[in-house]
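This briefing gathers what can be said about the internal spaces of the model shown below and about one of its sheets. Please read it alongside the sequence and the coordinates.

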Amino acid sequence: MRALRHDRVRLVERGSPHSLPLMESGKILPGVRIIIANPETKGPLGDSHLGEIWVHSAHNGSGYYSGYGEEVLQSDHFSSRLSFGDTQTVWARTGYLGFLRRTELTDASGERHDALYVVGALEEAMELRGMRYHPIDIETSVIRTHKSIVECAVFPWTNLLVVVVELEGSEQEALDLVPMVTKAVLEEHYLIVGVVVVTDIGVIPINSRGEKQRMHLRDGFLQDQLDPIYVAYNM
């Protein structure tokens, strides 16, 4: 996890301290090319780096239709090119961070194949203290701290980390959650939580795909629309 915060991939033994188990997303199909690119410089990255997943295949789209039936083209999203190296190939940017690794698994021809590992969405990754953090890692740590926490979502706010937890149980437990959440995030991720917001169940917005809408939650927090049970500022 320490390496991932610096966009590096480091393999360690199973169960090593600060290790993170990742499951491969499957082998790359014939006719599909995948490259890992730096999302800012658009340059190709090596195997030891974490970067944005770019895809080239005959199935790539050229745009998408809006809710009003109008075709919307995003050349940077659907027709990107590397800044150096193979600058002729047209790639689609997925918006997800990941890396490629040669696995021990073989395909039908008996050849070992590359496996793709997806770490998280680029737009949700948080830059804190000059390092990259993924919300799901912090949220998993928070949910484990107390049985009454049924859901959690985190987001950055003016260089501070805001943790929103949904409480199932007595509102009196809200005060107990704050030090437990703060301690867990500090010990496991070396981050100081700036704000802890304890809410009722159902406050964290979820889209139709079951994904947390963290930016909508942040907007609700900034506009004081969450109606929290308790808010603690650790500033």
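**Cavity, pockets and a mixed sheet**

At least two residues of the lining of the largest cavity come from each of β8 (131-133) and α2. The model is predicted, and it holds 1 cavity of 30 Å³ or more. The points that follow take up this cavity, then the two largest pockets, and then a sheet whose 4 strands are ordered β9-β10-β11-β12.

**The cavity**

- The volume of the largest cavity is about 70 Å³, and its lining is made up of M1, L4, R5, L20, R132, Y133, H134, D137, I138 and H189.
- Sorted by class, the residues that line the largest cavity are 5 nonpolar, 2 polar and 3 charged.

**The pockets**

- The largest pocket encloses about 790 Å³ of space, and among the 24 residues of its lining, those closest to its centre are R10, L11, V12, L20 and P21.
- The strand that gives the most to the lining of the largest pocket is β5 (residues 92-106), which provides 4 residues, while the lining as a whole divides by class into 12 nonpolar, 5 polar and 7 charged residues.
- L20 appears in both settings, since it belongs to the lining of the largest cavity and is also one of the residues closest to the centre of the largest pocket.
- The second largest pocket has a volume of about 580 Å³, and of the 21 residues in its lining, Y96, A121, E123, E124 and E211 lie closest to its centre.
- At least two residues of the lining of the second largest pocket are supplied by each of α1 (75-78), β5 and α4 (214-222), and by class this lining contains 4 nonpolar, 7 polar and 10 charged residues.

**The sheet and its strands**

- The 4 strands, in the order β9-β10-β11-β12, form an open sheet with mixed pairing.
- Because β9 (149-157) and β12 (230-233) stand at the edges and each has a single partner strand, one side of each is left without a neighbour in the sheet; from one strand to the next, the twist averages 15°.
- Strands of a sheet may pair in parallel or antiparallel fashion, in either case through backbone hydrogen bonds.
- The antiparallel pair of β9 and β10 (residues 160-167) is joined by 8 bridges, including the one in which A153 has V164 as its partner in β10 and the one in which C152 has V165 as its partner.
- The hairpin of β9 and β10 has 2 residues between the strands, and within this hairpin T158 adopts a positive phi near 45°.
- β10 and β11 run parallel and are joined by 6 bridges; V164, the partner of A153 in the antiparallel pair, has V197 as its bridge partner in β11.
- β10 is mostly covered, with 7 of its 8 residues buried.

**Helices against the sheet**

- Helix α2 (residues 135-143) lies across β9 and β10 and runs at about 140° to β9.
- Helix α3 (residues 174-189) also packs on the sheet, where it touches β9, β10, β11 (193-199) and β12, and its direction makes about 140° with that of β11.
- Helix α2 thus links two topics of this briefing, as a helix that lies across β9 and β10 and as a contributor of at least two residues to the lining of the largest cavity.

Terms used. Residues are numbered from 1 along each chain as its sequence is written. This is a predicted model: local features need pLDDT of at least 70, side-chain atom pairs count only at pLDDT 80 or more; totals for chains, interfaces and linings use all residues. Side-chain values use heavy atoms; hydrogens and water are left out. Two strands pair if DSSP finds at least two bridges between them. Axes are lines fitted to C-alpha atoms, for helices over the stretch in contact, and angles run from 0 to 180 degrees between N-to-C directions. Contact means heavy atoms within 4.5 Å. On a 1 Å grid over the protein atoms alone, a cavity is a set of points where a 1.4 Å probe fits but cannot get out, and a pocket is an open set with protein on both sides within 12 Å along at least five of seven lines; lining residues have an atom within 4 Å of a point. Grid points are joined across faces, edges and corners, and a volume is the space filled by probe spheres set on the points. Ala, Val, Leu, Ile, Met, Phe, Trp, Tyr, Cys and Pro count as nonpolar, Asp, Glu, Lys and Arg as charged, and the others, Gly among them, as polar. Buried means under 20% relative accessible area, exposed over 50%, partly exposed in between (1.4 Å probe, protein chains only).
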